[in-house]
Amino acid sequence: MSSDDKKVKIGKFAEMHGVSIDTVRHYMELGLIVPEKKGAHYYFNQQCHEDLSFSMKLKSLHFTLKEIHKIFFVYRGFSGIIDQANFVYKQLLEEKQSELQQQIQVLEDSKNKVEHELSTLDELDAERAHHVFGIHMQYLSLFCCGSCQGELTLMDGNIVKNELINGELRCNACGLTYIVDEGILILKNKKESKKLKVEGLLDADMNWTEIEMRYANNIYKNMQTLSNNMDIAYSNNKVILEMGSGFGIFLRNIYDQLPDDAVYVVVDHSLDIHRLVMKGLQSKKVKKNIIFICADFLSIPLRSKSIDVLIDDYGTTNYCIYKHNEQFPLHHMDKHMKPQAKLIGSYMIIDLYAKDSIIDVSKRPLFQQQYIKEQLAALGYETEHEHISSEFTLAEENVKDDSAFKAYGFIGTRK
Ligand SMILES: C[S@@+](CC[C@H](N)C(=O)[O-])C[C@H]1O[C@@H](n2cnc3c(N)ncnc32)[C@H](O)[C@@H]1O
């Protein structure tokens, strides 16, 4: 057999090495394999086989093409002085070895950090299982019938560590019954007014639009300013009530600072939202005194003059958007407030309405800063702090309104 018989064309050559024809062409362009050209065809001899095998082996050792070139240059340049070529190749292998060792170390460090993050999250998950929220027996005296203000009697209950987890409370005067269902106080047989889509609402892959980001940023800045001023509400056994606690954004923001002797009562008419908020608080490191009440603002089963601090973080605004009622909602809450109570409030103000605004014309006075200030003054709250945000549009789940909204933050005390 002549030496020409051993030479193969490009298709066969690529097939023999398990690579594509394009790869072979690429190695040819780089000068790593140098086939013979006869007419329109290339013929690959034994040297080409060896060069391609060696190139591929160097690639699998993580040598770059530039480095592979260098090694080829050494072997081709020192051909005949093979010891010298091996010496240089060995040096390059040792350099590669220490480079790979460094990369392994960097990856090992990253892997350890990822493992640490995962185990921190696992620890938080384990904590979540430990916190159980109920109504501490010492706070049962705060409650009375939301309808007739009669005394409530505990008829039945499952009490764990002095907290009522499940139970039944009945009004001595009118017989109205309340249940405590997994730590949440609720009127017996109360039906959820609308089915809320709460699952997945706080998912990491939630798709925020730019408008929603602007809305959330303004709401957040306003809340941050108010919560920075919350310390004035923290002295001595305060009873704090949040009307319309919603997803508990305000509560979660101040949760860690809440003193152990304070009790924070959250009221919202959505049971689903309360459950979601409770689930979130169960993962917190420390457990605070939180009481969950599922009720309408107009019939909260709390005694008169029992509240030191009222948090109205868009509770009134939400009420005014969705319900029609001539009175400013805080007047309904007033019976629960102590004479020297403090108010921490956030209200939506609208100076300019979009043509298709969701705010009915008859309700628009409720969204004027001047009107809100007058109402708060009429309730006896003297301004201690107030601020107004820049403009934004309303962007809530399924509710968009292009009117120019502003957030009005207010802190005041009755003297
Ligand atoms: C804008 S959200 C409040 C946000 C909340 N402050 C937070 O930090 O996440 C208003 C809440 O008020 C509640 N709400 C509105 N009208 C109500 C009423 N009449 N009685 C009870 N809750 C009401 C709604 O269910 C809603 O969760």
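These exercises work through a predicted model, from its domains to single residues.

**Exercise 1. Domains**

Task: Into which domains is the protein divided, and how far apart are the C-alpha centres of domain 1 and domain 2?

Solution:
- Start with the bounds. Domain 1 covers 3-88, domain 2 covers 132-190 and domain 3 covers 194-414.
- Then take the centres. Those of domain 1 and domain 2 are 84 Å apart, counted on C-alpha atoms.

**Exercise 2. The nonpolar cores**

Task: Find the largest nonpolar core and state where it lies with respect to domain 2 and domain 3.

Solution:
- Count the members. The largest nonpolar core holds 71 residues.
- Pick out the residues with the most contacts inside this core. They are Leu 241, Tyr 264, Val 265, Phe 292, Ile 293 and Leu 310.
- Look for the main contributor. Strand β12 (residues 337-352) gives the most to this core, seven residues.
- Place the core. Domain 2 (132-190) and domain 3 (194-414) both give residues to it, so it lies between them.
- Check for another core. Apart from the largest one there is a core of eleven residues, including Tyr 27, Cys 48, Leu 52 and Leu 58.
- Zoom in on Tyr 264. Beyond four places in sequence, Tyr 264 touches Ile 240, Glu 242, Leu 251, Leu 258, Lys 288, Asn 289 and Ile 290.

**Exercise 3. The shell around the ligand**

Task: Describe the residues that surround the ligand, and say which helix gives the most to the shell.

Solution:
- Begin with the count. The ligand is surrounded by 18 residues.
- Name the closest. These are Gly 244, Gly 246, Phe 250, Asp 313 and Asn 318.
- Sort the shell by type. Seven residues are nonpolar, eight are polar and three are charged.
- Assign helices. Both α8 (249-254) and α10 (315-322) supply at least two residues of the shell. The most come from α10, with three residues.

**Exercise 4. Strands around β5**

Task: Trace the pairing of β5 with β4, β3 and β6, and give the number of bridges in each case.

Solution:
- Take β4 and β5. Strand β4 (residues 152-160) runs antiparallel to strand β5 (residues 163-171), and eight bridges join them.
- Read off partners. Asn 158 is bridged to Asn 166 in β5. Val 160 has Glu 163 in β5 as its bridge partner.
- Inspect the turn. The β4 and β5 hairpin has two residues between the strands, and Lys 161 there takes a positive phi near 50 degrees.
- Move to β3. Two bridges join β3 to β5, again in an antiparallel arrangement. Here His 136 stands opposite Glu 163.
- Finish with β6. Strand β6 (residues 177-181) pairs with β5 over four bridges, in the antiparallel sense. Gly 167 is bridged to Val 180 in β6.
- Inspect this turn too. Five residues lie between β5 and β6 in their hairpin, and Gly 175 in the turn has a positive phi of about 80 degrees.

**Exercise 5. Ile 135 and Lys 415**

Task: Is Ile 135 buried or exposed? Is Lys 415 buried or exposed?

Solution:
- Locate Ile 135. It is part of strand β3 (residues 135-136).
- Count its neighbours. Ile 135 has 28 C-beta neighbours inside 10 Å, so it counts as buried.
- List its contacts. Beyond four places in sequence, Ile 135 is in contact with Leu 140, Glu 163, Leu 164, Val 180, Gly 183, Leu 185 and Ile 291.
- Follow one of these. Ile 135 and Val 180 are 45 residues apart in sequence, and their C-alpha atoms are 8.3 Å apart.
- Turn to Lys 415. It sits in the segment after β15 (399-414).
- Count again. Lys 415 has 8 C-beta neighbours inside 10 Å and therefore counts as exposed.
- Add a distance. Leu 379 is 36 residues from Lys 415 along the chain, with 11 Å between their C-alpha atoms.

**Exercise 6. Positive phi outside glycine**

Task: Where do His 62 and Tyr 314 lie, and which of the labels buried and exposed fits each?

Solution:
- Recall the background. Most residues other than glycine have a negative phi.
- Treat His 62. Its phi is positive, about 70 degrees. His 62 is in the loop between α4 (46-60) and α5 (65-77). It counts as exposed because it has 11 C-beta neighbours inside 10 Å.
- Treat Tyr 314. Its phi is positive, about 70 degrees. Tyr 314 is in the loop between β11 (307-313) and α10. It is buried because 22 other C-beta atoms lie within 10 Å.

How values were computed
Residues numbered from 1 in each chain as written. Predicted model: local features only at pLDDT ≥ 70, side-chain atom pairs only at ≥ 80, totals over all residues. Domains from an automatic or database assignment. Near = placed C-beta within 6 Å. Nonpolar A, V, L, I, M, F, W, Y, C, P; charged D, E, K, R; others polar. Pairing = 2+ DSSP bridges. Buried ≥ 20, exposed ≤ 12 C-beta atoms within 10 Å, placed from the backbone. Contact = placed C-beta atoms within 7 Å. Core = buried A, V, L, I, M, F, W, Y, C linked by C-beta atoms within 7 Å.
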